[in-house]
Amino acid sequence: MKKRVGILTSGGDCPGLNATIRGVAKALYARMGDNVEIVGILNGYSGLINGDYKEMSEDDFRGILTLGGTILGTKRTPFKMMRVVEDDNVDKVAAMKKTYQDAKLDCLLCLGGNGTHNTANLLSPVGLNIIGLPKTIDNDIFGTDVTFGFHTAVDIATEVIDRIHTTAGSHSRVMCIEIMGNKAGWLTLYSGIAGGADIILLPEMPYDIDRVCEAVERRAKRGSNFSIIAVAEGAMNVEEARMKRKDWMAKRAEQGFGATATNRIAQAVQKKTGMETRVCIPGHMQRGGSPSAYDRVLATQFGSYAAGLVADEHYGVTVAMVNRHVTANPLADIAGKTRGVPGDCDMLNVARAMGISLG
Ligand code: F6P
């Protein structure tokens, strides 16, 4: 029986989105031939709400394995607003269902992170046949050991840390490198270890600035004329950790736009240790460009597995890697949860064993 399969990419982009789209499409065409039609929904859930979609052909999926970004476009459409009717008077969930029906879809593949999965889990109960695919450089989707995009971002952030080493050494400076990850520190932890950072600060482990400075001074006493601090974007200090998120965010906002954790750490380190300090923010570069070989393989594994789910009409699930096997988790089991770095994580113990300070 002929199937019409919708695909969308939602939330922040990352390397591996196109490789996953290609994985799904190639496996679907290989399996179902003329019995499959693919519909690309443009700019994520925004396209689904507004009826922006296009018919795709096999040609559209050629030559995109190595391409960064997403050929479908993406947008952040916050989950918390999905049930809220705004000034435009649009019931977003009803509008998404209407587009799905108008496009005569049999199922919809949603490639995205936590927000995308939360919305996917809203659409399933209203009758849409959904399959999720776990994308994010943050690696924080519950129920999967890894998400596509993460390892490429680790490679990019590691290269940043590598390059910063030589300039830090030349100038005898402390370099604070801000790595993406607001709520989850996986990217900072992995790239920090891969790049040989001396201090790694994660959102899950509030830091004490005195301990950070002690670690810098300890290194200086042992003859190292520089230090590298890998700071997750969402790192917070012990005082902030005791406050409500909205309160410390308001406090930072009062201090001005530049009062990020990284800037404040750099200032405090310079003041307390007397060592010249600089900040480096690779920012969205961590999400740009071609996926690594690891992510191409993962994207292809996930994409081809999703094609099998379509063929088997196994819906209401998201693809996952569990103990090195690709599988599917019910959307309802993973929505609303995130996977931060747990205190007993093996990789934290590796960092500790290496004498890396965690603040
Ligand atoms: O979720 C991925 C991510 O890159 C986070 O690490 C980061 O905090 C956020 O997106 C940045 O979002 P935006 O692209 O909207 O600036």
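**Group meeting talk: a walk through one predicted chain**

Let me start at Asn 89, which counts as exposed because its relative accessibility is 64% (exposed means over 50% relative accessible area, buried under 20%, and partly exposed in between, with a 1.4 Å probe and protein chains only). Asn 89 sits in the loop between β3 (53-56) and α3 (92-102). Helices here are DSSP runs of H or I with at least four residues, strands are runs of E with at least two, and both are numbered from the N terminus. The phi of Asn 89 is near 65°, a positive value in a residue other than glycine.

A quick word on what you are looking at. This is a predicted model, where local features need pLDDT of at least 70 and side-chain atom pairs count only at pLDDT 80 or more, while totals for chains, interfaces and linings use all residues. Residues are numbered from 1 along each chain as its sequence is written, and side-chain values use heavy atoms, with hydrogens and water left out.

Now to another asparagine. Asn 139 also has a positive phi, about 60°, although it is not a glycine. Is Asn 139 buried or exposed? Asn 139 is buried, with a relative accessible area of 3%, and its place is in the loop between β5 and α5 (150-171).

Let's step back to the whole chain. You can find 13 helices and eleven strands in it. For 359 residues, a compact globule would have a radius of gyration near 21 Å, and the chain agrees with that at 22 Å. That radius is taken over C-alpha atoms, and the globule rule is 2.2 Å times the number of residues to the power 0.38. Along the principal axes, the C-alpha atoms fill a box of roughly 70 × 45 × 30 Å. Of the 359 residues, 54% are buried.

Next, contacts, meaning heavy atoms within 4.5 Å. Among the chain's contacts with a separation of 6 or more, 74% join residues 24 or more positions apart.

Three loop residues give you a feel for this. Ser 124 is in the loop between α4 (114-123) and β5 (130-134). Beyond residues up to four places away in sequence, Ser 124 touches Ile 130, Gly 316 and Leu 331. Its C-alpha atom is 8.4 Å from that of Tyr 315, 191 residues apart along the chain.

Ala 197 belongs to the loop between α6 (186-195) and β7 (199-201), and it is buried at a relative accessible area of 3%. Which residues does Ala 197 contact, leaving aside neighbours within four places in sequence? They are Gly 192, Ile 228, Ala 230 and Ile 356.

Ser 292 lies in the loop between β9 (277-280) and α11 (293-311). With 12% relative accessibility, Ser 292 counts as buried. Its contacts, again without neighbours within four places, are His 151, Thr 152 and Asp 155.

Last, the cysteines. How many disulfides does a search of the whole structure find? Zero, taking a disulfide as a pair of cysteine sulfur atoms within 2.5 Å. Why is Cys 213 without one? The closest cysteine sulfur, in Cys 176, is 9.5 Å from the sulfur of Cys 213, so it is too far for a bond. Cys 280 is in no disulfide either, and its nearest cysteine sulfur, also that of Cys 176, is 10 Å away. If you are thinking about thiols, note that Cys 213 is buried, with a relative accessible area of 4%, and that Cys 280 counts as buried at 19%.
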